[in-house]
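These are comments on the empty space in the model, pockets before cavities. Please read them alongside the coordinates.

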Amino acid sequence: MQISDINGALQPLKGRLLQHPLYDKIRTLDDLHCFLEHHVYAVWDFMSLLKALQQQLTCTTTPWLPVGNPEVRYLINEIVVAEETDLAMDGKRQSHFEMYLDAMNQCGANTLAVQRFLEDIQKTQNIFVSIKHAEVHPKVRAFLDFTFRVIEEGKAHKIAAAFTFGREDLIPTMFTEILKNFQQNFPQTDLSKLIYYFERHIELDSDEHGPMAMQMITELCGDSATKWNEVLEVSQQALEKRLGLWDAIEEMVIEKASCV
């Protein structure tokens, strides 16, 4: 098995994600706020997948030792630099999560729930307890729980699968669709930071991070049929959890609209 086989097997799930009715439901500023206030958890937990890979595939402790494959070290460190310390719209350095929070604030979305979630993580020192406490839809909770179950298992190729096929490989196309809706539906609202964030992701993931992540999977699996099969299984689960997240947001958008 190789990358092309994984991509082929995942096409039905990818198709469902790329044609999800959620995109057409984001028609008002309230709809947009609802989307941002729940998608932000996926923006946040993405960084934990990334840092878990960095811990697995590079040396992050002292004394330093040349851990693992240098090509893989390079790939993951390159992605970390861009995701954790990218250039924001004003030219200053920020993580993509911080950019997203700034974009939410600019357009009036509420960041209090996710901020309380982060505070709870610091308080409990137990991510699974904090996920249970999170003020989110059960499917958003399931999305987060899956991410950290994969991380907790500690198998680099599985973490890389969730990262690559559940996130990086999908982001450019999904965000392009959402961005088109934003530009059409909210011409009077200042979404400059949000548009910058999406366009930056499209640029990085299409041109750099997507291909890098695919190469990382190939390096990690090598000739192991077991690892390739596990990559496929985790990738399918990751896409199903993303579908659940999209279903949850769509449900909440519809529910809010019916209350107006």
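1. The largest pocket of this predicted model holds about 270 Å³ of space. Its lining consists of Trp44, Met47, Ser48, Lys51, Ala52, Gln55, Gln56, Glu84, Ser95, Phe97, Ile151 and Ile159. Helix α3 (residues 29–57) supplies the largest share of that lining, seven residues. Sorted by class, the lining residues of the largest pocket are six nonpolar, four polar and two charged.

2. The second largest pocket has a volume of about 160 Å³. Ten residues line this pocket, and Lys25, Thr28, Asp31, Val253 and Ala257 are the ones nearest its centre. Two or more lining residues come from each of α3 and α12; α12 contributes the most, with four. The class count for the second largest pocket is four nonpolar, one polar and five charged residues.

3. On enclosed space: how many cavities of 30 Å³ or more does a search of the whole structure find? The search returns two. The second largest cavity has a volume of about 50 Å³.

4. Around the second largest cavity, the lining is made up of Leu49, Phe143, Phe146, Thr147, Ala162, Gly166, Arg167, Ala238 and Lys241. The elements giving two or more residues to this lining are α8 (138–153), α9 (156–168) and α12 (225–259). Five residues of the lining of the second largest cavity are nonpolar, two are polar and two are charged.

5. One element to check in both places is α12: α12 gives four residues to the lining of the second largest pocket, and α12 is also among the elements that give two or more to the lining of the second largest cavity.

Notes:
Residues are numbered from 1 along each chain as its sequence is written. This is a predicted model: local features need pLDDT of at least 70, side-chain atom pairs count only at pLDDT 80 or more; totals for chains, interfaces and linings use all residues. Side-chain values use heavy atoms; hydrogens and water are left out. On a 1 Å grid over the protein atoms alone, a cavity is a set of points where a 1.4 Å probe fits but cannot get out, and a pocket is an open set with protein on both sides within 12 Å along at least five of seven lines; lining residues have an atom within 4 Å of a point. Grid points are joined across faces, edges and corners, and a volume is the space filled by probe spheres set on the points. Ala, Val, Leu, Ile, Met, Phe, Trp, Tyr, Cys and Pro count as nonpolar, Asp, Glu, Lys and Arg as charged, and the others, Gly among them, as polar.
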